Amino acid sequence: MAQHTLTLKKTLLASAMAATLAGTAFVSTAAQAENTLRMAYDADPVSLDIHEQLSGGILQLSHMTHDPLVRWNDALEFEPRLASDWEQVNDTTMRMSLREGVKFHSGNTFTADDVVWTIERLKRSPDFKAIFDPIENVTAVDDHTVEITTKKPYPLLLNLATYVFPMDSAYYSGEAEDGDSKDEIVKNGNSFASRNVSGTGPYTVANRQQGVRTEFERNPNYWDTESPGNVDTIVLKPISENATRVAALLSGDVDFIAPVPPNDLERVRESEDAKLVTMSGTRIIFFHMNQDRVEAFKDPRVRQAFAYAVNQEAIADRLMKGFATPAAQFSPKGYAGHVESLELRHDLERAQTLMAEAGYADGFDITMMAPNNRYVNDAKIAQAVAAMLARINVDVDLSTLPKAQYWGEYDDRAADMMLIGWHADTEDSANFHEYLTACVDLDTGAGQYNAGNYCNPALDELVAEANVEVDRDKRAAMLQEVEQTLYDEAAILPLHWQDLAWASANHVNIEPVVNVMNFPYLGDLVMDAK
Amino acid sequence: MIAFLVKRLFHALLVMFVISIIAFAIQDNLGDPIQQMVGQSVPESERAELREELGLNDPFLVQYARFAINAAQFDFGYSYVFNQPTTEVIARHLPATLELVAAATFLIITLSVPIGVYSAIKPRAWLSRFFMGISIVGISIPVFLTAIMLIQLFAIGVSWTPFPVDTAWGSWLNDLISTEGGMPAYGRGNPVPVFGTWETNFASLEGLTYLVLPAVSLASIMLPLFIRLIRAEMLEVMQSDYVKFARAKGISMRRIYFLHALKNTMLPVITVGGVQIGTLVAYTILTETVFQWPGMGLMFLDAIERSDIPLIVTYLMIVGLIFVITNTIVDLIYGLVNPTVKLTGKPA
Amino acid sequence: MNAPSSALPSRWERFRDSYLLYSFKRDIVAQISLMVFIALVAVAVLAPWLSPMNPYDLAQIDILSSELPPFWVDGSDAEYLLGTDAQGRDMLSTILYGARVSLMIGFGAVALQALIGVCFGLLAGYLGGRIDAFLMRLADIQLSFSTLMVAIIVGALVKAIFGGETFSAYAVPLLILIIGLAEWPQYARTVRASVLAEKNKEYVDAARVMGLRSKRIMFRHILPNTLSPIFVISTVQIANAIISEAALSFLGLGMPETHPSLGSLIKAGFDYIQSGSWWITLIPGAVLIVLVLSINLLGDWLRDVMNPRLYKG
């Protein structure tokens, strides 16, 4: 409320001043001022090729220069974009109608062929091919209809469609000056697609100096004429240093920043010049307890004791300054597998009793590893957990590493407890289990990040069934059963979902365009006159 | 003379060779760059392919030969993080560091010369003692602490209320010792582009305010050294027969101090100053870390954190080159001006 | 002066009558510095017995009492005199233990520097020739890169090679090694200069004529005569080593936060300065400054006393 009043006062003052000025000296030209949004992210996209890397930065870019077939709305439901309608033809086939009259930045017309071309290219991309693997083939029925066939019944096809940002197939065909094919995907290389972009999106790339600034301009022929967006130019600057990014916003150098570091939340919230928007996120931060390395972890009572020993609320409140939602399971609210009834279990006495029951009243020694620059406050969280475990006589030898070294150690399962954060690329609960708690199988890649070596074949089967169950309710019930079991057996030690935060100048209305996936729909952004 | 020159240049080359070996040897031992480049769910087979493609699996000597040949042409490869030639990345970060060093040097020179000269002329004056006392305190405060204290005082602000707040004199005194804060203490703000990638903080008042705290911090550590050095040299020169003779000739004291004595003081000061360039570079790393000043020092630390091997190697090579060049020049100047250095370079 | 009771003055009597003690008695700054320094060393050494809690014992830490301010600020808790850090650790205890780590590394590194530097300096000065040229050139190069720069680069490389985990486990010996290796040239140069001055004196010639081995001459005859300059630079070097360690830790290349030195305490606290918890960084900072300052002031005084040439001009 206080903020609103202040904003109002300012606006009044500004208009009063403007009126005075206009009345005395100036003849107002009444020209509509250009709306320029100056924004700062922690990093800029590594490439303009949206298939080069599967990362937040690239997806944020994709939503600016391209449009997906469908996208998530606030309630985590699907909103039609380039696909205007869809129907399940049979268990393995879906037919999608595509929007007509859409043009690419190059002027080419968007057709079903572009969708086919894009999905085929995704299946070649090293980063995307794994998640597009369920798709058998895509065919253009006519200019504005495609049919997507999956190898097996696949309930997450629409989730996948949020990753399909049709590219301008004609534009990317043929050879570039250097003789390479224009559509090749080169990791960290200098391909045609990494320098040139033609999508259907609300913005075109006007100028780009990697790592310095990227300038976007509003696509004058944007198909979505109902979009309220009124931003003409966006200047994106990467400011990797947290405090610098905040300072830039507060000093008025930029109008919009993300992410906002927890230590500066208060500063932004209290500022009269900026506003803060936070949202409970979907990235779960948790510890694996390695059963192969520590015999004691094979005993569910010990794992439960750990779960009871940790005070998630204290971490969220003290270390994260309220910038996290304490978690007792993988799936955040809104996900199919989320079980409302699972509660935090902090209870030190119970933890001590369980340890005693398991025969470890005197505790034991373990090693713990965490990155120190990957997640918000990661190293501090690990320290706090180590301190909490000391209460049940578990002596923790903690080391924290920069992420560049951490993932190597993670792949080697180098410590008894390892911290990791996970965001399901598919926004779906099954993804958590497949990567994090499924029985490790090197051939299929199941349990690739399961550094706890937890293995419950019954759950694997349940998830496999869920993955071919097209009925959403039935599927949700299965996934909830998985979460419940993981909770009961204390398969992992969940801590919290890291919140998301954005901050902007008062005249930039970011609330309606930000979302839990952290891909702000900047095409719909409205800026008020200052 | 020629022999001396050749010998010094040979030394310089030798040092560069050693640096290149050290710089290169790091490559095998720093974290895995692949982890930085791909998403979390990319399978191992793709990673192995990429590793092969980048030549990370070649034997040490093959990689070194490739490195040395390219390095000689100032080609150090592409930064893994920025996906640009490392020399370009460094060129982009260089102006920030140079401007910081320039501003600090300006402060050091304009302050150390008058203070040093004054405390040499009047060694017993209370002001001289004060300066000497301050300078030893200055030497004892690590540069990052000076920086942190400056941030607390002038960026965040401190309100002290040791005097009663409800009296006029009390609140006046409280205000007097409290600081308001508000000075920019992070980054460079919006530097003005000059040409190419060079953006400057000197062209606008706003830019200068961003420069103040970092430059003062950086200067604070070198200033005491130079004050003490100038003072000591000046004291020595003042005792020399040459000055005594000038004085006997009846030349005015002011002229003796600032023309004759100072001139003779400057040579050793400049040579020492040249050698101190290395120390200054080290301190820029610390200063830039505290103020998140986007220069080469910050870039170097980031590169270490991110295992951006080509960038680390390039930084070491370029900083090494800067050191070797300045030292060689200082050596040559010193050798030319000071006849007591044996130009043949043979040990006595 | 008192008349000596025996024919030869005892060590204590010689010391009592020395110029060193005389000037110390007249120099109030030196006296205060020495007192402060001794006090700091004492509390650091006695940290396990003096500090209210053991900051390494995680079971004593409660995150719910994190970020409490020191006693003179509103909202403080009497249990924590100097407040607590972000994990709920008692600042007073953490600082005492931190000072202990800093001093340990400082002294250790100087001992190592002195060992390397004195050996190289003796060798270079006494043997001369190629060895001298090589060692001194090495020292020149290293000094031209600045000791701190060498320490930062070596620190970064060692950390990268051993990996963060191993580095943290062996941080104390590794830091001693890094700082020791980075700063030996100061000693080598000083010792070499003294040796060159001593070398041609008659007692050395006499020893050589007597057929004593070089090693014996160097260590038993020349070294004792070079001790006073070594002593003088040692004070400065300890201050430098403590600062270097703090700088490395501040850059994240030194002591881990779980086993902090003063430098890593300052680094850990720096994250919180913007949110108002200044004490987590500034109190350890103040302790570091006082420690280094007291050593530097002592060093200054020693240099004046033992090397009066500067003041005579």
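Chain B is built from 14 helices and 2 strands (helices are DSSP runs of H or I with at least four residues, strands are runs of E with at least two, and both are numbered from the N terminus). Its radius of gyration is 25 Å, well over the 20 Å that the globule rule gives for 348 residues, so chain B is more spread out than a compact globule. That radius is taken over C-alpha atoms, and the rule is 2.2 Å times the number of residues to the power 0.38. All of this comes from a predicted model, in which local features need pLDDT of at least 70 and side-chain atom pairs count only at pLDDT 80 or more, while totals for chains, interfaces and linings use all residues. Residues are numbered from 1 along each chain as its sequence is written, and chains are lettered from A and ligands numbered from 1 in the order in which they are written.

Staying with chain B, its C-alpha trace spans about 80 × 75 × 35 Å along the principal axes. The chain is divided into domain 1 (2-72) and domain 2 (87-337), with bounds from an automatic or database domain assignment. The centres of these two domains of chain B, taken over C-alpha atoms, sit 34 Å apart. Of the 348 residues, 40% count as buried, meaning that 20 or more other C-beta atoms lie within 10 Å of the residue's own (12 or fewer makes it exposed, anything in between partly exposed, and C-beta atoms are placed from the backbone). Two residues are in contact if their C-beta atoms, placed in that way, lie within 7 Å. Among contacts in chain B between residues at least 6 apart in sequence, 71% link residues at least 24 apart.

UniProt, in an unreviewed entry, puts a "transmembrane region" at six stretches of chain B, including residues 130-156 and 265-286. UniProt positions follow the numbering used here, feature names are shortened, and annotations may be inferred rather than shown by experiment. Residues 130-156 of chain B are 93% helix and 0% strand, with end C-alpha atoms 28 Å apart. For residues 265-286 of chain B the figures are 95% helix, 0% strand and 30 Å. A little further along comes helix α13 (residues 296-305) of chain B, which is mostly covered, with 9 of its 10 residues buried. Among the buried ones are B:Met296, B:Phe300, B:Asp302 and B:Ile304. Just after α13(B), B:Ser307 takes a positive phi of about 55°.

Chain C is a helical affair, with 14 helices and 0 strands. Its C-alpha trace spans about 75 × 55 × 35 Å along the principal axes, and buried residues make up 50% of its 313 residues. Among contacts in chain C between residues at least 6 apart in sequence, 69% join residues at least 24 apart. The "transmembrane region" label turns up here too, again from an unreviewed UniProt entry, at stretches including 28-50 and 101-129 of chain C. Residues 28-50 of chain C are 96% helix and 0% strand, with 29 Å between the end C-alpha atoms. Residues 101-129 of chain C come to 97% helix and 0% strand, and their end C-alpha atoms lie 41 Å apart.

How do chains B and C meet? The contact takes 38 residues from chain C and 34 residues from chain B. On the chain C side, α13(C) gives the most, with 10 residues. That side divides into 28 nonpolar, 8 polar and 2 charged residues. Here Ala, Val, Leu, Ile, Met, Phe, Trp, Tyr, Cys and Pro count as nonpolar, Asp, Glu, Lys and Arg as charged, and the others, Gly among them, as polar.

The largest nonpolar core has 324 residues, and those with the most contacts inside it include A:Ile257, A:Phe306 and C:Ile152. Such a core is a set of buried Ala, Val, Leu, Ile, Met, Phe, Trp, Tyr and Cys residues joined through C-beta atoms within 7 Å. Leaving aside neighbours within four places in sequence, C:Ile152 is in contact with B:Ala282, B:Ile285, C:Leu248, C:Leu251 and C:Leu253.

Over in chain A, A:Trp117 lies in helix α3 (residues 112-122). With 21 C-beta neighbours inside 10 Å, A:Trp117 counts as buried. The C-alpha atoms of A:Trp117 and A:Met167 are separated by 7.9 Å, though the two are 50 residues apart along the chain.
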